Amino acid sequence: MTSELTIHECECDTCKTGADPETTRHHRQMNIFLSRLDEPQRRWYVGLISQKPNSPSDRQLGKITGLDEKTIRRGRQEIETELTDLPDDRQRREGGGRPRAEKKIRR
Ligand SMILES: [Zn+2]
C-alpha cells in the first residue's frame, strides 16, 4: 500500500537534470495533487491525462507520478468504460451532499 500524504518526487529526465524548472514545478504540483487523492482517483487522473494529445507516454507518466504503468493502463480502461464496473457510493446513497468517510490520514 502506498502511504497517504507522501509526495512522490518526479523521476523524469527533465527533473533529474533540472533542465526545465517550469516542467519540474508542474510535475511537483501534479504529485502534490495526487498525494491528496485516494488510490482509484489517482489512477483515473493519470489515466485521463495519458489520453491528452501530446501527453507523455505511460512509461514517462510512471516516472513522473510513481504509478505503475499497469496501474495507469487500468485507470485509462476504467475511464474508457465510464467507470461502469465501479459502484458510485454517493449516487446509491441518494440525496448525497454527505462527504464520504475519511480514510485514515496520518499526522
Ligand atoms: Zn518531471
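This passage describes the fold, the surface and a few individual residues of the chain shown above. The model is predicted, with local features requiring pLDDT of at least 70 and side-chain atom pairs counted only at pLDDT 80 or more, while totals for chains, interfaces and linings use all residues. Residues are numbered from 1 along each chain as its sequence is written, and side-chain values use heavy atoms, leaving out hydrogens and water.

The chain contains six helices and zero strands, in the order α-α-α-α-α-α along the sequence. Here helices (H or I, at least four residues) and strands (E, at least two) are DSSP runs, numbered from the N terminus. Of the contacts (heavy atoms within 4.5 Å) between residues at least 6 apart in sequence, 59% link residues at least 24 apart.

Turning to the surface, about 8,200 Å² of the chain is exposed, and carbon and sulfur atoms supply 47% of this area. Accessible areas come from the Shrake-Rupley method with a 1.4 Å probe, and for residues only the protein chains shown count as cover. Of the 107 residues in the chain, 26% are buried, meaning under 20% relative accessible area (1.4 Å probe, protein chains only).

Arg-76 offers a good place to look more closely. This residue lies in helix α5, which spans residues 69-80, and counts as buried because its relative accessibility is 18%. Beyond its neighbours within four places in sequence, Arg-76 contacts Gly-47, Ser-50, Gln-51 and Asp-58.

Two cysteines are also buried: Cys-12 has 0% relative accessibility, and Cys-15 has a relative accessible area of 17%. The whole structure has zero disulfides, a disulfide being a pair of cysteine sulfur atoms within 2.5 Å.

Notes. Buried < 20%, exposed > 50% of the residue type's maximum accessible area, 1.4 Å probe, protein only.
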